[in-house]
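Biologist: Could you take me on a close look at a single part of this model, going through its side chains one group at a time? I would love one connected answer rather than a list.

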Amino acid sequence: MTETEEIIETLKLEIEEGRKIKEELESQVIMKTKECSIMEEEITSLKAQVDKTNQKLKAYEGSIKLNEILNNQRPSHIKFGLGFEKGESSTKQDRSHVENQKATTQPAQSKLVQQSKKHVASMA
């Protein structure tokens, strides 16, 4: 064999090795692409699960706050700070005071109504 034939032979071998490497790399790219698409699907699924869990958590936190508010409210039998004083109860005298107040405000209110009717009539 001549020197040129040997060079041609080694070049053919190198080309063949290059083709094998290329085919192997292409098959690896295909495998990695498949793995990537599977991972993307899994990520999408996990994101949906996280969203559902976050919604449940928000609802749970809201119920905790509601329970806390309900637990902190004043019992219905404690009237302190609402205008009641300890030992007082409404009596007939207290009720008559309220009725007298109503009686004194009603004539003033009816007088205002009559004045406003006269004013409206004069404008028409």
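Modeller: Happy to; what follows is a walk along helix α1, with a short look at the whole chain to set the scene. Please keep in mind that this is a predicted model.

The protein chain has two helices and zero strands. Of its 124 residues, 0% count as buried. The chain exposes about 12300 Å², and carbon and sulfur atoms supply 58% of that area. Helix α1 covers residues 3-72, and that is the part to zoom in on.

Let us begin with the acidic residues. Glu-3, Glu-5, Glu-6 and Glu-9 gather on the surface in a patch of negative charge. One of them, Glu-9, has its place in helix α1. Glu-9 counts as partly exposed because its relative accessible area is 39%, which falls between the 20% and 50% cut-offs.

Next come the salt bridges, of which the structure holds two. One joins Arg-19 to Glu-16, with 3.9 Å between the closest N and O atoms; a salt bridge is counted within 4 Å. Both Arg-19 and Glu-16 lie in helix α1, three residues apart, or about one turn of the helix. Glu-16 has 37% relative accessibility, so Glu-16 is classed as partly exposed.

The side chains of Lys-32 and Glu-35 also meet in a salt bridge, at 3.9 Å from N to O. Lys-32 and Glu-35 are separated by about one helical turn, because they are three residues apart in helix α1. How exposed are these two partners, Lys-32 and Glu-35? Lys-32 is exposed, with a relative accessible area of 54%, whereas Glu-35 is partly exposed at 41%.

A polar contact of another kind involves Ser-37, which also has its place in helix α1. A polar atom of the Ser-37 side chain lies 2.8 Å from the backbone oxygen of Lys-34. With a relative accessibility of 32%, Ser-37 counts as partly exposed.

Finally, there is a nonpolar group to look at. Leu-57, Tyr-60 and Ile-64 make a nonpolar surface patch of about 300 Å². Leu-57 lies in helix α1, and this residue is partly exposed, with a relative accessible area of 42%. That value meets one condition for belonging to a patch, because patch residues need over 30% relative accessible area.

To draw this together, the tour of side chains has taken in a patch of negative charge, two salt bridges, the contact between Ser-37 and the backbone of Lys-34, and the nonpolar patch that includes Leu-57.

Key:
Residues numbered from 1 in each chain as written. Predicted model: local features only at pLDDT ≥ 70, side-chain atom pairs only at ≥ 80, totals over all residues. Heavy atoms only, no water. Patch = residues over 30% accessible without salt bridge, like charges linked within 9 Å, V, L, I, M, F, W, Y side chains within 5 Å. Areas by Shrake-Rupley, 256 points an atom, 1.4 Å probe, with all protein chains shown as cover. Helix = DSSP H or I, 4+ residues; strand = E, 2+ residues; numbered from the N terminus. Buried < 20%, exposed > 50% of the residue type's maximum accessible area, 1.4 Å probe, protein only. Lys, Arg positive; Asp, Glu negative; His and termini not counted. Charge placed at Lys NZ, Arg CZ, Asp CG, Glu CD. Polar contact = N/O pair within 3.5 Å; in protein donor to acceptor, adjacent residues only side chain to side chain.
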